[in-house]
Amino acid sequence: KYYWVTKLADNRCWMTQNLALDLGSEWPDASLSDYDVASATYKPTPTASEATAETVNDKNTATGSWDFGEYVINDPVATIQCASKQSSLADCPEQFTNVGSMVASTNPDFYTDNGRSMSADEYDAHYLAGNYYQWNTATAGTGGTITSGEATGSICPKGWRLPTSGTNGGEFQQLRVAGNMNNDVTKFVSAPYYFVRGGVVWSSTNPFTGAGNPGRYWSSTAATSDSAEHSYLLYFFGTSAIFTTDNGLGTNPVTPTRHLGLSVRCIAR
């Protein structure tokens with residue numbers, strides 16, 4: 001697959017679209033792989049096409065992932081949220097469009113050049129929803145039950161990795177500061193950043209929720225205060241709520257337990 005990449009305001013090279021890697025039942029061999037895999041000993045769960053009670057594992061060490069197909073968010077700026085207890089993006093046509101029969105534009109400014117919309121046969125791949133991954137999947141099994149520091153591997157391409165985060169800052173926070181974004185979610189979801197309000201694979205009782213408003217992205221950083229339940233992330237919703245140094249504890253409306261299926265953005269090593 002090809003991904004848009006850009007050197008952003010923090011002077012780092014980021015993927016500017018979500019990772020969309022499907023997994024089988026084996027990690028690629030670390031010595032031969034094209035992925036940023038530190039160990040090939042952990043067994044992932046094959047990527048599912050729907051979030052259901054049968055495919056969502058609520059254990060924090062689970063290694064699930066979900067590929068709902070080729071869906072692009074209809075309006076990245078709007079905060080129109082799909083209902084909860086859905087099984088895929090196919091259940092959210094007001095928020096996302098299936099572009100499987102269309103062609104990805106080669107124009108990096110396609111979305112703005114087309115009046116913030118798709119054309120009849122082309123779309124902007126920056127805004128593909130990509131896949132959703134549990135934290136132990138995103139970290140290629142190296143997250144496991146660690147309670148501090150960084151996971152050593154990821155499912156990003158070789159030469160790329162997960163961004164860092166945490167209460168003392170990290171690369172999501174540094175990007176936010178360098179881009180002078182403060183709490184302006186519109187900047188986060190617009191060019192040149194293109195973060196997607198993709199929602200979250202939540203639990204076996206509420207499989208998929210939030211598509212069209214909140215966006216959640218895993219970091220490589222383990223939380224340090226809760227016995228391997230949480231990990232740090234980037235989280236935003238509405239028009240003025242961005243958390244780049246949060247692990248879901250305390251009063252913030254976030255619960256990034258490691259079993260959640262979140263989006264992934266990769267950053268160059």
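Trainee: What pattern do the disulfides of the protein follow, with bonded cysteines counted along the chain?
Mentor: Bear in mind that this is a predicted model. The structure holds two disulfides. One joins cysteine 82 to cysteine 92, and another joins cysteine 156 to cysteine 266. Counting the bonded cysteines along the chain, the pattern is 1-2, 3-4.

Trainee: Is the disulfide of cysteine 82 and cysteine 92 left-handed or right-handed?
Mentor: Start with the sulfurs of cysteine 82 and cysteine 92, which sit 2.2 Å apart. The torsion about their S-S bond is about -85°, so this disulfide is left-handed.

Trainee: How many residues apart in sequence are the parts that cysteine 82 and cysteine 92 tie together?
Mentor: Cysteine 82 lies in the loop between β4 (71–73) and β5 (96–98), and cysteine 92 lies in the loop between β4 and β5 too. As for cover, cysteine 82 counts as buried at 8% relative accessibility, and cysteine 92 counts as buried at 1%. The disulfide between cysteine 82 and cysteine 92 ties together parts whose separation in sequence, in residues, is ten.

Trainee: And how many residues apart are the parts tied together by cysteine 156 and cysteine 266?
Mentor: Their S to S distance is 2.1 Å, and with -90° about the S-S bond the link is left-handed. Cysteine 156 and cysteine 266 are both buried. Cysteine 156 lies in the loop between α2 (135–138) and β9 (160–161), while cysteine 266 lies in the loop between β14 (241–246) and β15 (267–268), so the separation in residues is 110.

Trainee: What is the distance from the sulfur of cysteine 13 to the closest cysteine sulfur?
Mentor: Cysteine 13 counts as partly exposed, at 26% relative accessibility. The closest cysteine sulfur belongs to cysteine 266, too far for a bond. A disulfide here needs sulfurs within 2.5 Å. For cysteine 13 the distance is 11 Å.

Trainee: Which residue offers the backbone oxygen that the side chain of glutamine 86 reaches?
Mentor: Glutamine 86 has its place in the loop between β4 and β5, and at 17% relative accessibility it counts as buried. Leaving out residues up to four places away in sequence, glutamine 86 touches Ala51, Asp91, Cys92, Pro207 and Phe208. At 3.1 Å, its side chain reaches the backbone oxygen of serine 84.

Trainee: Which residues touch the most other members of the largest nonpolar core?
Mentor: That core has 41 residues, and β4, α3 (171–178), α4 (185–189) and β13 each supply at least two of them. Beyond four places in sequence, leucine 89 is in contact with Phe68, Tyr71, Phe96, Ala129, Tyr132, Phe208 and Ala211. Touching the most other members of the core are Leu89 and Phe195.

Trainee: How many residues are in the other core that lies apart from it?
Mentor: Among the residues of this other core are Ile155, Val200, Tyr235 and Leu262. The number of residues in it is 25.

Trainee: Last one: which residue in β13 is the bridge partner of tryptophan 218?
Mentor: Strand β12 (residues 215–222) pairs with β13 in the antiparallel sense over five bridges. Strand β13 (residues 231–237) is mostly covered, with six of its seven residues buried. In β13, the bridge partner of tryptophan 218 is leucine 233.

Key
Residues are numbered from 1 along each chain as its sequence is written. This is a predicted model: local features need pLDDT of at least 70, side-chain atom pairs count only at pLDDT 80 or more; totals for chains, interfaces and linings use all residues. Side-chain values use heavy atoms; hydrogens and water are left out. Buried means under 20% relative accessible area, exposed over 50%, partly exposed in between (1.4 Å probe, protein chains only). Helices (H or I, at least four residues) and strands (E, at least two) are DSSP runs, numbered from the N terminus. Two strands pair if DSSP finds at least two bridges between them. A polar contact is a pair of N or O atoms within 3.5 Å; within protein, one must be able to donate a hydrogen and the other to accept it, and residues adjacent in sequence count only if both atoms are side-chain atoms. Contact means heavy atoms within 4.5 Å. A nonpolar core is a set of buried Ala, Val, Leu, Ile, Met, Phe, Trp, Tyr and Cys residues joined through side-chain atoms within 4.5 Å.
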